[in-house]
Each structure stands twice: as C-alpha cells, then as structure tokens.
Amino acid sequence: MIETKELLHKVSAALWQGRENDGSLDCEYWHHRIRLQENLALESVSPSIGLLGYAVDEGVRRNQGREGAINGPDAIRNRLAKIPIHNQEKDLLDFGNICCEDRDLETAQAYLRKATHQLKTNGIFPIVLGGGHDITYGSYMGVRDYIKSKGEGKIGILNFDAHFDLRPMVDKPTSGTVFNQIYYDLRKEGEEFEYFVLGIQEQGNSKALFDVAKDLGTDFMTNFECELSNISKVQNRLKQFINKIDYLYITIDLDGFSSAYAPGVSAPSPLGFEPKFVWIVLDFVAKNAEVVGCDIAELNPKFDIDNHTASLAARLVDFLAIQK
Ligand SMILES: N=CN[C@@H](CCC(=O)O)C(=O)O
Ligand SMILES: [Mn+2]
Ligand SMILES: [Mn+2]
C-alpha cells in the first residue's frame, strides 16, 4: 500500500463523454467501458488495462521546456472517450491522476513507482499518461520492482523519441535526465541498463549527448532511418535488442513524431515519425516481445492544434490496449 502523502486524484466523469447510440445501432465507445477507480488497491479478476495519469510538468520546467504537460493526461482521456471499442474484451480502468505538489518532482516520481508496482502486483497492465518524460522513471522502476520481486529478468526500454534524455543529473532530475536517472539506479543495484531509442534527431541532441549515449551502450536509430521504406532494417535491429532481454517496457515521447502530426509538445520538430511507422513497430514488438508496461509522454495541450496531438496519443493508447 502507498504510505506517502496522497497525490492521487480521481478524474472528473465529465472527461469520459462521447456519442451514445447511433439510432438503433448498439455502439460501444471507450467512455461506455471505462470504469473510474477510487484507489489503486483493486485486484483484477480478468485481464485488465489500468490507465494512470501523471499530471506533472515540473520536470519540463526544470529542463527549460515549455510548461503545460500537466494537462496532458486529461486531454488524452477526452479524446480516448470518443474512440469506438473493437476486439477489446479486457476491463478498462482509470485510476486517476498523480500530481506534483510544491514542485516536488521526486515525490511524484516515487509515488508513481509505487503505483505501477501495485498495479502489476494486482495483475493490471499499466498505461501511464503524461506529463513530462520524467514519467518513465517512476513508471519503469515500479514495473521493474514487480519483476524483481518475482525473480530475475532483464527489462529493456524501447523509447520512441527525438531525444536521448540522458542529460547528466546535476542535482535534480528533470524530463531530460530520465534515462540517466534509471541508469544510475540500476547500476547501483548491479543491474544492466538496456536502452533502445528510435527517432533520434541529430539537431535535437548535442554532440556531447551522442557521446554519453555511446558510453552507456545505447542502441539507437535516427529519424531518417525510422521510415517505412526501411522497416525491415528497423525490425532486424529490434529483434537483436529483444534477444538480449526478457521483458520490454515501451515509452512514447510524442515529440518523436513530426510536428505535422504532433504540434502539442514542448519541443516540436518537423522531422519526426509519421504515425504509420510507429504503428507497424508497435505491432512488431507486441508479437515478438513480452511487453510489461508503457507510457505516453510530453503531451502539452497548450500548444496543440485542434487536438491533433491528443488524438494521436489517444489512438496510441487504444492500440497499445488492444495489443496487450
Ligand atoms: N524530455 C525532453 N527532453 C529534451 C528537450 C529538448 C528541448 O527542450 O529542446 C532534451 O532534454 O533534450
Ligand atoms: Mn523528446
Ligand atoms: Mn523524451
């Protein structure tokens, strides 16, 4: 059970609204199926997906980015509510939003860590909605704590991102230090850090960061390699990565997509993914790896255009929930 102060807030049912039936057709949408939860102590009796919001942009602020990702999780729910259900038998649960009080990012991350640990212990697959990319520290470490409690097993991280997010932690974590933060924690425990990034942009990362990535043995492919015309090469590289690990954790930073599809982020770029590439890769990894958790990071509704980025994020959640 979580003993730290209560940072989890139930979301408003008003976010989960959409179309009712179409005339005589008995239609089903996410807003019909979602069940709002009061707390994290729910044991699943059947396969379940647990949505958990990380309504935090303190890490983005500390990283000198554009604030606004605090409203990311609710913007995703609002668009997801209106997506029709297809081939989805699992229970769909919404556990609310974790927030950050008094700019205390570290406590919010620690809370999220306990939360994903608890969901996994209860048999619920977590899809965590952000929020700045510091989301992955708490979300990944909680999943890792669960796997560790069951025995050994290496969990690789697959990040879809324009950035390495391997900045050194000078004195505090930020959204730009998150994979360094994980690396240091794992190293302390003598565990290996297995990290693969798709979508790295040369113009989004300093030369020094490429050197850090190399020192840490990071696997990556650039945005120009991440194209449909190159999909078999990408799949081969992923296969090699998957062969080294036992489980896979997926994180999707929306700024990895082209700003034509994802303008609502702190650090947009026109040179990122087109959505179909990501869909094909997600389908591939779901068939070839045991995915144990995931998150969607960096949605900033303040800079979104007609909800394009929120809709993209919602479609990713729907797709991940079907794959699982
Ligand atoms: N999580 C974001 N990380 C990026 C942001 C880049 C930017 O603000 O330009 C980074 O620190 O590299
Ligand atoms: Mn990024
Ligand atoms: Mn990132």
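A crossover between two strands is called right-handed if, with the strands pointing away from the viewer, the path from the first strand over the helix to the second runs clockwise. In this predicted model, such a right-handed β-α-β unit is made by strand β9, helix α9 (residues 275-288) and strand β10. A good way into the structure is to begin with β9 and look at what lies on either side.

Strand β9 covers residues 247-253. It is mostly covered, with 6 of its 7 residues buried. Strand β9 pairs with strand β10 (residues 291-297) in the parallel sense, over 6 bridges; within this pairing, Y249 has G293 of β10 as its bridge partner. Strand β9 also pairs with strand β6 (residues 155-160), again in the parallel sense and over 6 bridges. Here I155 can be matched with Y247 of β9, its bridge partner.

Attention now turns to a set of annotated residues. The unreviewed UniProt entry places the feature "binding site" at H133, D161, D165 and D253. These residues span 121 residues in sequence, yet no two of their C-alpha atoms are more than 10.4 Å apart, so they gather at one spot.

Two of these positions can be followed in detail, starting with H133. H133 is found in the loop that links β5 (124-130) to α5 (135-149). A residue is buried if 20 or more other C-beta atoms lie within 10 Å of its own; H133 has 30 such neighbours inside 10 Å and therefore counts as buried. Neighbours within four places in sequence aside, the contacts of H133 include the annotated residues D165 and D253. G59, S175, V178, A297 and E298 are also in contact with H133.

D161, in turn, sits in the loop between β6 and α6 (178-188). With 30 C-beta neighbours inside 10 Å, D161 counts as buried as well. Once residues up to four places away in sequence are set aside, D161 touches D253, along with V197, G199, D255 and G256. D253 is thus a contact of H133 and of D161, and both of these residues appear with D253 in the UniProt annotation.

The last element to describe is ligand 1. The residues surrounding ligand 1 are N63, G65, H133, H163, D165, R167, S175, G176, S266 and A267. By character, this shell divides into 7 polar, 2 charged and 1 nonpolar residues. Among the shell residues are H133 and D165, two names already familiar from the "binding site" feature in the UniProt entry.

Conventions:
Residues are numbered from 1 along each chain as its sequence is written. Chains are lettered from A and ligands numbered from 1 in the order in which they are written. This is a predicted model: local features need pLDDT of at least 70, side-chain atom pairs count only at pLDDT 80 or more; totals for chains, interfaces and linings use all residues. A residue is buried if 20 or more other C-beta atoms lie within 10 Å of its own, exposed if 12 or fewer, and partly exposed in between; C-beta atoms are placed from the backbone. Helices (H or I, at least four residues) and strands (E, at least two) are DSSP runs, numbered from the N terminus. Two strands pair if DSSP finds at least two bridges between them. A residue is near a molecule or strand if its C-beta atom, placed from the backbone, lies within 6 Å of it. Ala, Val, Leu, Ile, Met, Phe, Trp, Tyr, Cys and Pro count as nonpolar, Asp, Glu, Lys and Arg as charged, and the others, Gly among them, as polar. UniProt positions are given in the numbering used here, feature names are shortened, and annotations may be inferred rather than shown by experiment. Two residues are in contact if their C-beta atoms, placed from the backbone, lie within 7 Å.
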